[in-house]
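Please work through the following exercises with the sequence and the structure at hand. Each task is followed by a solution in steps.

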Amino acid sequence: MTADFETQLRAVSLRVTRPRLAVLAALRDHPHVDTDTVIALVRAEQPTVSHQAVYDVLRALTDAGLIRRIQPAGATARYESRVGDNHHHVVCRSCGAIADVECAVGRAPCLTASDDHGFVVDEAEVVYWGTCPGCAADPTAQ
Ligand SMILES: [Zn+2]
Ligand SMILES: [Zn+2]
């Protein structure tokens, strides 16, 4: 698995470093986690990695397109390593749980604007909001 990550990093001309490998592994195993969680996961493996180093890795990997940063309104930024398929997210209004929703069409933009005002539209940002099964079963839990 690490070899895959090394290949991914080299493909975008990023040096292979242990913190970068650790962040990619953390996001593979824990999609949609926030920065603090990434830091905790990485430091569980590599206690000497600083917070700033993790911030820098997240930015570099996002800029390179290896990971995706998502930020539902009112929520902290989350990261995931599933990129390039234009998938959407469903977010729980109560607890903030996030799950993947396949893109209806399979590529951006999956929604056709009723009036594009002459713009060349290349993406529709779709977030589904609702209540997750856990919160629906126990409305007092949050
Ligand atoms: Zn919930
Ligand atoms: Zn996702």
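The exercises below treat a metal site, a pair of helices and a group of cysteines.

This is a predicted model, in which local features need pLDDT of at least 70 and side-chain atom pairs count only at pLDDT 80 or more, while totals for chains, interfaces and linings use all residues. Residues are numbered from 1 along each chain as its sequence is written, chains are lettered from A and ligands numbered from 1 in the order in which they are written, and side-chain values use heavy atoms, with hydrogens and water left out.

**Exercise 1.** Determine which residues coordinate the zinc ion (ligand 2).

Solution. Step 1: apply the criterion that donors are N, O and S atoms within 2.8 Å of the metal (3.2 Å for Na, K and Ca); water is not among the atoms, so sites may look incomplete. Step 2: the donors are His 32 (NE2), Glu 80 (OE), His 87 (NE2), His 89 (NE2) and Asp 100 (OD), at 1.9 to 2.2 Å from the zinc ion (ligand 2). Step 3: along the chain, their spacing reads H-x47-E-x6-H-x1-H-x10-D. Step 4: because His 89 belongs to strand β4 (residues 88-92) and Asp 100 to strand β5 (residues 98-101), this pair ties together parts eleven residues apart in sequence. Strands (E, at least two residues) and helices (H or I, at least four) are DSSP runs, numbered from the N terminus. Step 5: His 89 is buried, at 6% relative accessible area, whereas Asp 100 is partly exposed, at 31%. Buried means under 20% relative accessible area, exposed over 50%, and partly exposed in between (1.4 Å probe, protein chains only).

**Exercise 2.** Describe how helix α2 (residues 18-29) and helix α4 (residues 51-63) pack.

Solution. Step 1: the angle is about 70° and the axes are 10 Å apart; axes are lines fitted to C-alpha atoms, for helices over the stretch in contact, and angles run from 0 to 180 degrees between N-to-C directions. Step 2: α2 is therefore roughly perpendicular to α4, a class that covers 65 to 115 degrees, with angles under 35 roughly parallel, over 145 roughly antiparallel and the rest oblique.

**Exercise 3.** Establish where the UniProt "binding site" residues lie with respect to one another.

Solution. Step 1: the unreviewed UniProt entry lists Cys 92, Cys 95, Cys 132 and Cys 135; such annotations may be inferred rather than shown by experiment. Step 2: these residues span 44 residues in sequence, yet no two of their C-alpha atoms are more than 8.1 Å apart, so they gather at one spot. Step 3: Cys 92 lies in strand β4 and is buried at 3% relative accessibility; Cys 135 lies in helix α5 (residues 133-137) and is buried at 8%.
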